[in-house]
Amino acid sequence: MLISGMMLLLAPMDAEAQKPVKREEKTEQNGGKQNGGNQNGGKQRRTVNGRQGGTSTTQPKPKETTGTLALGYGTWEGGIMNGQPHGKGKITFTATHAVDRRSTLQANPGDYFEANYDCGSLISGKLYDSGGNLLKTIIP
């Protein structure tokens, strides 16, 4: 068992002895070479005065991938994070739809939008018609 931290806290005065009550708090993490590594799923056990407290779990960072994402009005090909367009990519429209929720510009089926997104929010992009002609550059 590995003790990763120890803290000494002072609690309110003991009414009978008129002395401060000492309270000891430890954070323990089940790890080490003897048992083959962390077997408690990254959770840390917290003990206060020998009593086990709550556990905390380290949250993994969102994973960025690349692939294809069906949007209902078109298909996104490019970076994906948390199920939303992220980074550089291209939307090919299969139905008439606004290019961005903040824009009144409409794309038609076959048009495509080469864009850069940050977790689903448009940063910039260029709308092309189905023949590859530039229709509009958008920077919200």
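Which residues does Arg101 touch, not counting residues up to four places away in sequence? Arg101 touches Gly120 and Ser121, where contact means heavy atoms within 4.5 Å. This is a predicted model, in which local features need pLDDT of at least 70, side-chain atom pairs count only at pLDDT 80 or more, and totals for chains, interfaces and linings use all residues. Residues are numbered from 1 along each chain as its sequence is written, and side-chain values use heavy atoms, with hydrogens and water left out.

**Figure 1. The protein chain as a whole, with zero helices and twelve strands.** Helices (H or I, at least four residues) and strands (E, at least two) are DSSP runs, numbered from the N terminus. Read along the sequence, the pattern is β-β-β-β-β-β-β-β-β-β-β-β. The protein chain has 140 residues, of which 26% count as buried; buried means under 20% relative accessible area, exposed over 50%, and partly exposed in between (1.4 Å probe, protein chains only). Among contacts between residues at least 6 apart in sequence, 17% join residues at least 24 apart. The chain exposes about 9700 Å², with carbon and sulfur atoms supplying 50% of this area. Accessible areas come from the Shrake-Rupley method with a 1.4 Å probe, and for residues only the protein chains shown count as cover.

**Figure 2. Close-up of the surroundings of Arg101, in the loop between strand E8 (97-98) and E9.** Arg101 counts as exposed because its relative accessibility is 65%. Arg101 and Leu122 are 21 residues apart along the chain, and their C-alpha atoms are separated by 9.1 Å.

**Figure 3. Close-up of the largest nonpolar core, which has 13 residues.** A nonpolar core is a set of buried Ala, Val, Leu, Ile, Met, Phe, Trp, Tyr and Cys residues joined through side-chain atoms within 4.5 Å. Phe113 and Tyr117 touch the most other members of this core. Two or more residues each are given by strand E6 (74-81), strand E7 (84-93), strand E10 (112-118) and strand E11 (121-128). The largest share, three residues, comes from E10.

**Figure 4. Close-up of Phe113 in strand E10.** Phe113 counts as buried because its relative accessibility is 0%. Leaving aside neighbours within four places in sequence, the contacts of Phe113 are Gly89, Lys90, Ile91, Phe93, Val99, Leu122, Gly125, Lys126, Leu127 and Ile138. Phe113 and Asp129 are 16 residues apart in sequence, and the distance from C-alpha to C-alpha is 8.7 Å.

**Figure 5. Close-up of two buried aspartates without a salt bridge, Asp129 and Asp111.** Lys and Arg count as positive and Asp and Glu as negative, while His and the chain ends are not counted. Asp129 lies in the loop between E11 and strand E12 (134-138). The nearest side chain of opposite charge to Asp129 is Lys90, 11 Å away. A polar atom of the Asp129 side chain lies 2.8 Å from the backbone nitrogen of Asn133. Beyond residues up to four places away in sequence, Asp129 touches Gly110, Asp111, Tyr112 and Leu135. Asp111 is found in the loop between strand E9 (106-107) and E10. For Asp111 too, Lys90 is the nearest side chain of opposite charge, at 11 Å. The backbone nitrogen of Ser130 lies 3.3 Å from a polar atom of the Asp111 side chain. With neighbours within four places left aside, the residues in contact with Asp111 include Ile91, Thr92, Phe93, Asp129 and Leu135.

**Figure 6. Close-up of the salt bridge between Arg102 and Asp100.** A salt bridge is a side-chain nitrogen of Lys or Arg within 4 Å of a carboxyl oxygen of Asp or Glu; by this rule the count comes to one. The distance between Arg102 and Asp100 is 3.1 Å, N to O. Arg102 is exposed, with a relative accessible area of 52%, whereas Asp100 counts as buried at 8% relative accessibility.

**Figure 7. Close-up of two residues other than glycine with positive phi, Asn82 and Cys119.** Asn82 is placed in the loop between E6 and E7, and its phi is near 55 degrees. Asn82 is exposed, with a relative accessible area of 56%. Cys119 is found in the loop between E10 and E11, and its phi is near 50 degrees. At 32% relative accessibility, Cys119 counts as partly exposed.

Definitions and conventions: A polar contact is a pair of N or O atoms within 3.5 Å; within protein, one must be able to donate a hydrogen and the other to accept it, and residues adjacent in sequence count only if both atoms are side-chain atoms.
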